[in-house]
Amino acid sequence: MVTRGFLSGRRPPTDGDARIPPGQYLEQGFPVLSAGPTPRVRTEDWSFTLKHGPRPIKKWNWAEFNALPLTKMTRDIHCVTAWTKFDTPWQGVLVDDILADAGLEPPTDFTLAHAFDGYTTNVPLKDLTAGKAMVALLYEGKPITPDHGGPARLLVPHLYFWKSAKWLNGLQFTTRDEPGFWELRGYHIYGDPWREQRYTDDP
Amino acid sequence: MSEALAVQSPWQTAGIVRIEKRTPRVTSFFFRPSRPFAYRAGQHVDVRLTAPDGYQARRSYSIASAPGTDGAIELAIEKLDDGEVSPFFHEVAAVGDEVELRGPLGGHFVWPDDDGGPLLLVGGGSGVVPLMSMVRHRAARKSTVPVVLVFSARVWDEVIFRDELIGLDDREDGFGLVLTLTREAARRPADYSRRVDVAMMVQAMARLPEPPRIAFVCGSNAFVSAAAQALIDAGVAAEIIRTERYGV
């Protein structure tokens with residue numbers, strides 16, 4: 001349906017068209033969105049726990065986690081509120097390297113990411129491994145600010161950005177694909193921006 | 001907490017049935033969806049515009065109207081100078097025009113009256129819109145839940161829904177309005193003329209018979225960060241604070 005009188009709009013640059021998923025627009029800033037207040041997590045209080053169901057498998061403190069191999073990842077990110085930002089530069093620990101450090105063969109195909117504020121989001125294992133995702137510790141070479149999820153956030157850039165949980169403190173293997181915070185509140189269980197899977201009912 | 005799964009409609013056309021200027025920068029557009037839907041106070045809709053060449057732009061807007069009232073869905077849209085969708089509404093849209101709309105959306109920043117209270121609502125600028133839906137919902141349901149709304153605006157003339165809010169405040173039925181103007185002197189005796197801070201939150205909560213059960217904070221990211229921190233410093237547990245940020 002053509003909207004009467006809507007002619008111009010903020011069109012993406014022609015060479016960037018192929019990088020902008022349907023329904024998204026290009027954003028130069030870095031907007032902040034979250035469901036509650038911003039937790040101020042001190043690195044001395046920070047820890048990351050890998051779990052299988054209720055059972056902890058391995059726990060790292062900040063120093064131990066920072067001793068894991070650091071990888072750079074520069075990716076386009078896509079927020080469900082319709083902004084896309086190109087070339088965001090992160091550094092952190094690949095989920096592959098976390099699993100390797102734990103000496104763990106993945107026990108299930110599904111995970112739930114946990115955050116310090118109680119936030120959760122589900123991501124299938126296949127979307128976290130093979131270099132696809134990391135626990136990011138740095139943005140533009142500097143510690144991630146609390147607004148953007150510091151000290152550490154999940155980065156799963158090929159899914160809508162609510163999957164990239166801020167203030168991350170754990171990853172839990174689950175037997176089923178268990179919906180997390182937003183997935184229980186109307187948002188899509190998987191969240192592929194290229195298939196425009198924003199809300200529960202989207203195919 | 002009643003946070004049931006949202007029931008969503010697919011995209012549908014919605015006609016503009018009324019336009020009402022609220023402040024110099026905010027105008028309310030009233031939409032009649034082709035397939036009406038139920039929603040909860042605090043929810044939003046997505047609006048989609050399509051250019052002749054197929055280019056589409058979509059944005060989320062909070063609903064200002066109360067659920068269950070038979071009227072059209074009110075979206076109070078602020079004009080953003082560098083915006084893409086809001087200038088269309090302010091400069092082009094007219095009664096009778098149709099846009100595409102999808103909703104209701106969002107299952108966290110919502111208050112059905114049976115969730116109870118007391119409620120502390122804190123809004124900055126057009127961040128008052130979803131809170132207005134809650135305030136109107138309370139009034140429409142004749143709810144006795146104690147509610148205080150702290151509303152920060154730059155100047156008196158930018159207080160969206162001002163007359164309606166003051167009218168509800170005057171009823172003294174358990175709803176209280178605290179206005180704070182950041183660039184002008186206060187006009188009413190108990191109002192403020194500064195940015196939200198801890199002391200203001202403490203004084204606002206003193207108007208409730210007991211501590212809030214839920215606090216809803218909405219506005220720009222800078223506003224929400226400051227207001228949520230002020231609430232925490234005033235002793236409100238982070239777990240009961242729900243925020244909605246415009247993102248910028």
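I take two residues to be in contact if their C-beta atoms, placed from the backbone, lie within 7 Å. I note also that the model I am reading is predicted.

**Chain B, overall**

With that cut-off, I looked up the contacts in chain B between residues at least 6 apart in sequence, and 72% of them join residues at least 24 apart. I then turned to the secondary structure of chain B and recorded five helices and eleven strands. For the radius of gyration of chain B I noted 18 Å, close to the 18 Å that the globule rule gives for 248 residues, so chain B is as compact as a globular protein of that length. Along the principal axes, I found that the C-alpha atoms of chain B fill a box of roughly 55 × 40 × 30 Å. I also checked burial: 46% of the 248 residues in chain B are buried.

**Chain B, annotated span**

I consulted the UniProt record, an unreviewed entry, which assigns "domain: FAD-binding FR-type" to residues 9-111 of chain B. Within residues 9-111 of chain B, I read 45% strand and 6% helix. The C-alpha atoms at the two ends of this span are 20 Å apart.

**Chain A, annotated span**

For chain A, the unreviewed UniProt entry gives "domain: Oxidoreductase molybdopterin-binding" over residues 36-182. I looked up the make-up of residues 36-182 of chain A and obtained 42% strand and 9% helix. The end C-alpha atoms of that span lie 13 Å apart.

**Chain A, a sheet**

I traced an open sheet of five strands in chain A, in the order E3-E2-E11-E6-E7, with mixed pairing. Its edge strands are E3 (55-61) and E7 (120-124) of chain A, each of which pairs on one side only. I recorded an average twist of 20° from one strand to the next.

I next examined how strand E6 of chain A, residues 110-115, pairs with E7(A): the sense is antiparallel, and the pairing runs over five bridges. Which residue in E7(A) is the bridge partner of A:Leu112? I found A:Asn122 in that position.

**Contact between the chains**

Finally, I asked how many residues each chain gives to the contact. I listed 29 residues from chain A and 37 residues from chain B. I sorted the residues on the side of chain A that touches chain B, and they divide into twelve nonpolar, eleven polar and six charged.

Definitions and conventions
Residues numbered from 1 in each chain as written. Chains lettered and ligands numbered in written order. Predicted model: local features only at pLDDT ≥ 70, side-chain atom pairs only at ≥ 80, totals over all residues. Pairing = 2+ DSSP bridges. Helix = DSSP H or I, 4+ residues; strand = E, 2+ residues; numbered from the N terminus. Axes fitted to C-alpha atoms, helices over the stretch in contact; angles between N-to-C directions. Rg over C-alpha atoms; globule rule 2.2 N^0.38 Å. Buried ≥ 20, exposed ≤ 12 C-beta atoms within 10 Å, placed from the backbone. UniProt positions renumbered as here; feature names shortened; annotations may be inferred. Nonpolar A, V, L, I, M, F, W, Y, C, P; charged D, E, K, R; others polar.
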